[in-house]
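Q: Please take a close look at how the helices pack in this model, and then set that part in its surroundings.

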Amino acid sequence: MTLRSAATVSVIGLTCKAFLNSGLCKISVNGFQHLTQALENVHREHDRGIVTISNHISTLDDPVTWGILPVKYYLRSSRFTRWTLGASDIMFTNRVFSSFFRHGQVLETFRGKGIHQPAVENAIEKLNQGCWVHLFGEGQVNQPDTYQKDENGLATLPRFKWGVGRILSSTAHPPIVIPMWITGFDKLMPEGRAFPFKYFPRIGARLSVTFGGPLPLDHIQSIQNRVSSERQPEETQIELDARMRTEITTAVHRVILDLGRRVSGPSLANL
């Protein structure tokens, strides 16, 4: 981590922590030990990365969520603060923003350029170095009042992007995968407001961040093994890889959705 990157990450993190502690909102955190135990895990010295995956309900989900981290994490190496992927057309629109987000550990991602673009490759490489990468599986903000319902009348999370499966299936060592569910950020930063109000958070929101237990380390590998064993004679390697990514992405989506229903109920709305 460069000095400029360390300064950017620290300032952002401490600002978010100050906001969460200011009384302008309320936040509850559950299962936080799952993340801290993973970050302190000795296996990270052997380049086992960490992946957190959550729903995405506002433009302030990141970085405000990470205001819950202990101060010491901001003052240590980049292995204790997250890397994430960010849309080029939103975060990297000029030289100032581009510099800010790059030093804030955001990997520039181009919509429509697929799962083999540099941002995805860089995320895999970060995990191979034992870093922590956070993914918003939907790839965009979807607030709960826009969720579709399934055949049973239950709200369902929009599908995850196939890049999730690509990243999780391509690391040298299986990463520690921690599911997350956040609520209330859509009330903090609602979509669809008029200018200039859309740029300012609403006061008094009740936020929550819930971490589920990490997936078994062999979870991704077991899916890969099963899909490989089901390979059809006429199936090409490209087709097999695509089916494997789809299966992994779908399985992770199901885990996040189940966590969301346990936290927020069948509507997947706020607590």
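A: Contact here means heavy atoms within 4.5 Å. The model is predicted.

With that cut-off, helix H10 and helix H11 meet through two sets of residues. From H10 come His219, Ile220, Ile223, Gln224, Arg226, Val227 and Ser228, and from H11 come Leu240, Arg243, Met244, Glu247, Ile248 and Ala251. Sorted by class, this contact holds seven nonpolar, three polar and three charged residues. H10 covers residues 219-229 and H11 covers residues 237-264, and their axes come within 10 Å and cross at roughly 140°. The two helices are therefore oblique to each other, as angles over 145 degrees would be needed to count as roughly antiparallel. The crossing of H10 with H11 is right-handed.

A second helix pair is formed by H1 (residues 3-20) and H6 (residues 95-103), whose axes come within 8 Å and cross at roughly 85°. H1 is therefore roughly perpendicular to H6. On the H1 side the contact involves Arg4, Ser5, Thr8, Val9 and Ile12, and on the H6 side Ser99, Phe100 and His103. The classes here are three nonpolar, four polar and one charged.

Another helix packs on a sheet. The sheet is open and has seven strands in the order E1-E9-E8-E2-E5-E3-E4, with mixed pairing. Strand E1 (26-30) and strand E4 (106-109) are at the edges and have a single partner strand each, so one side of each lacks a neighbour in the sheet. On average, neighbouring strands of this sheet are turned by 25° against each other, direction ignored. Strand E3 (residues 83-87) runs parallel to E4 and is joined to E4 by four bridges. In this pairing Ala87 stands opposite Thr109 of E4. Helix H7 (residues 118-128) packs on the sheet and touches E3, E4, strand E2 (50-54) and strand E5 (132-136). The direction of H7 makes about 155° with that of E4.

One loop residue leads back to the H10 and H11 region. Leu154 lies in the loop between strand E6 (148-149) and strand E7 (155-156). Leaving out residues up to four places away in sequence, Leu154 touches Gln148, Lys149, Arg261 and Pro266; of these, Arg261 falls within H11, which spans residues 237-264. The relative accessibility of Leu154 is 26%, so Leu154 counts as partly exposed. The C-alpha atom of Leu154 is separated by 22 Å from that of Leu207, 53 residues apart along the chain.

Technical notes
Residues numbered from 1 in each chain as written. Predicted model: local features only at pLDDT ≥ 70, side-chain atom pairs only at ≥ 80, totals over all residues. Heavy atoms only, no water. Pairing = 2+ DSSP bridges. Axes fitted to C-alpha atoms, helices over the stretch in contact; angles between N-to-C directions. Parallel < 35°, antiparallel > 145°, perpendicular 65-115°, else oblique. Left-handed = near helix turned anticlockwise from the far one by under 90°. Nonpolar A, V, L, I, M, F, W, Y, C, P; charged D, E, K, R; others polar. Buried < 20%, exposed > 50% of the residue type's maximum accessible area, 1.4 Å probe, protein only.
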